[in-house]
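Student: Take me through one part of this model slowly, please. I'd like a close look at the places where the backbone does something unusual, and then at the helix and the nucleic acid around it.

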Number of protein chains: 2
Amino acid sequence: MEEIDRQILGLLAGDGRMSFTDLARETGLSVSAVHQRVRRLQKRGVVKGFTALLDNEAIGLALTAFVSIKPIDPAAPDDAPQRLAGIEAIEACHSVAGEESYILKVRVASPNDLENLLQQIRAQANVATRTTVVLSTPWEGRRPPL
Amino acid sequence: MEEIDRQILGLLAGDGRMSFTDLARETGLSVSAVHQRVRRLQKRGVVKGFTALLDNEAIGLALTAFVSIKPIDPAAPDDAPQRLAGIEAIEACHSVAGEESYILKVRVASPNDLENLLQQIRAQANVATRTTVVLSTPWEGRRPPL
DNA sequence: GGTGAAAACAATCGGCT
DNA sequence: AGCCGATTGTTTTCACC
């Protein structure tokens, strides 16, 4: 039961376009059984969607950085996520424990764009920033152990 | 030309399982033209693959953290990525500029698992660790502006 | 969870602009 | 070069068991 669902999740994490026929062969179920399991996993929110993995350099976003932010006025209400949500270059926004309040992962084309982005972040969210530039990425987005 | 490729990438980033028929409708091209463009994008490495987006809580990995590591012996050869590559809980490994040498993104089920993971990282790579626990994630994995 | 038929789709080819 | 349209075999879907 749950075992087969985990197997399906692993297969789809590895190849998001795998056909239901192949999923059925791998799991030993019939095509329609696999199909309804996948749909159920989507409806329950376990599978949130499917996406293409793109090469960031190839699409002109060669520079990745982590930006930690800290409010300048600690008494002000913390609505940084809403204030920053509109900035497309921010790929992820994590609220964290520790000295800073959020860690942002950003992707830009150049150091110049990074500078502009940081100014925009500081102005828009009224925060101080601490930036860590990524030099290389041995791996990323590895799928989790199921 | 390149404009249409960017459009295709955007569509596939949004829905990795979109059919070639739908891609053709959206782009105004024929099915076979879209098909050969996608294959070319894959062969050139612009599209690295397709994957399912899973809900980490639902699959029992409720705890995310960033682990910055710094070698204990700065004179030793830096082969941390190879030493850590076998640890499945490490979702990403970035070499970074700054005080620390790598930032790891890890996913585990519990604080207890995090403790074990940190011990494993320290022992296996001979590094000191600094861990920042993620409390919540307003957003993550947003697709880049094309 | 399975089956079977209808509809939709993927993948290839030769020819067209 | 890149695109189209038809063909062929496969995949997805749906109603039903």
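Tutor: Let's start with Asn126(B), which is partly exposed, at a relative accessible area of 41%. Keep in mind that everything here comes from a predicted model. Asn126(B) sits in the loop between α5 (111–125) and β5 (127–139) of chain B. Its phi is positive, about 55°, although Asn126(B) is not a glycine. Over in chain A, Asn126(A) also has a positive phi, near 55°, without being a glycine. You'll find Asn126(A) in the loop between α5 (111–125) and β5 (127–139) of chain A, and it is partly exposed, with a relative accessible area of 39%.

One more positive phi is worth a stop on the way to the helix: Gly45(A), which follows α3(A), has a phi near 85°. Now for α3(A) itself. The helix has 13 residues and spans 18 Å from its first C-alpha to its last, close to the 18 Å expected at 1.5 Å a residue. Its buried residues are Val34(A), Arg37(A), Val38(A) and Leu41(A). Look down the helix axis and those buried residues fall within an arc of 95°, so they line one face of α3(A). They pack against α1 (2–14), α2 (20–27) and β1 (47–54) of chain A. Turn to the face pointing away from the buried side and you meet the exposed residues Ser32(A), Gln36(A), Arg39(A) and Lys43(A).

That brings us to the DNA. Strand C is surrounded by 13 residues, and the closest are Ser30(A), Ser32(A), Arg37(A), Phe20(B) and His35(B). So what does the protein meet on that strand? Of the strand C atoms within 4 Å of the protein, 69% belong to sugar or phosphate, and the rest to bases. Several polar pairs involve phosphate oxygens. A side-chain N or O of Ser30(A) is 2.9 Å from one, and a polar side-chain atom of Arg37(A), listed above as a buried residue of α3(A), is 2.8 Å from one. From chain B, a backbone N or O of Thr21(B) lies 3.4 Å from a phosphate oxygen. The elements giving two or more residues to this surface are α3 (31–43) of chain A plus α2 (20–27) and α3 (31–43) of chain B. α3(A) gives the most, with 4 residues. Sorted by class, the surface near strand C holds 3 nonpolar, 7 polar and 3 charged residues.

Now swing over to DNA strand D. Its neighbours include Phe20(A), Thr21(A) and His35(A) from chain A, and Ser30(B), Ser32(B) and Arg37(B) from chain B. Of the strand D atoms within 4 Å of the protein, sugar and phosphate make up 70%. A backbone N or O of Thr21(A) lies 3.2 Å from a phosphate oxygen of the strand, and a polar side-chain atom of His35(A) is 2.2 Å from a phosphate oxygen. Ser32(B) reaches a base instead: a polar side-chain atom of Ser32(B) is 3.0 Å from a base oxygen. For this strand, α3(B) gives the most to the surface, with 5 residues. α2 and α3 of chain A, along with α3 of chain B, each supply at least two residues. The class split near strand D is 4 nonpolar, 6 polar and 2 charged.

Note on methods: Residues numbered from 1 in each chain as written. Chains lettered and ligands numbered in written order. Predicted model: local features only at pLDDT ≥ 70, side-chain atom pairs only at ≥ 80, totals over all residues. Heavy atoms only, no water. Near = heavy atom within 4 Å. Polar contact = N/O pair within 3.5 Å; in protein donor to acceptor, adjacent residues only side chain to side chain. Nonpolar A, V, L, I, M, F, W, Y, C, P; charged D, E, K, R; others polar. Expected span 1.5 Å × (residues − 1). Buried < 20%, exposed > 50% of the residue type's maximum accessible area, 1.4 Å probe, protein only. Arc of directions from axis to C-beta. Contact = heavy atoms within 4.5 Å.
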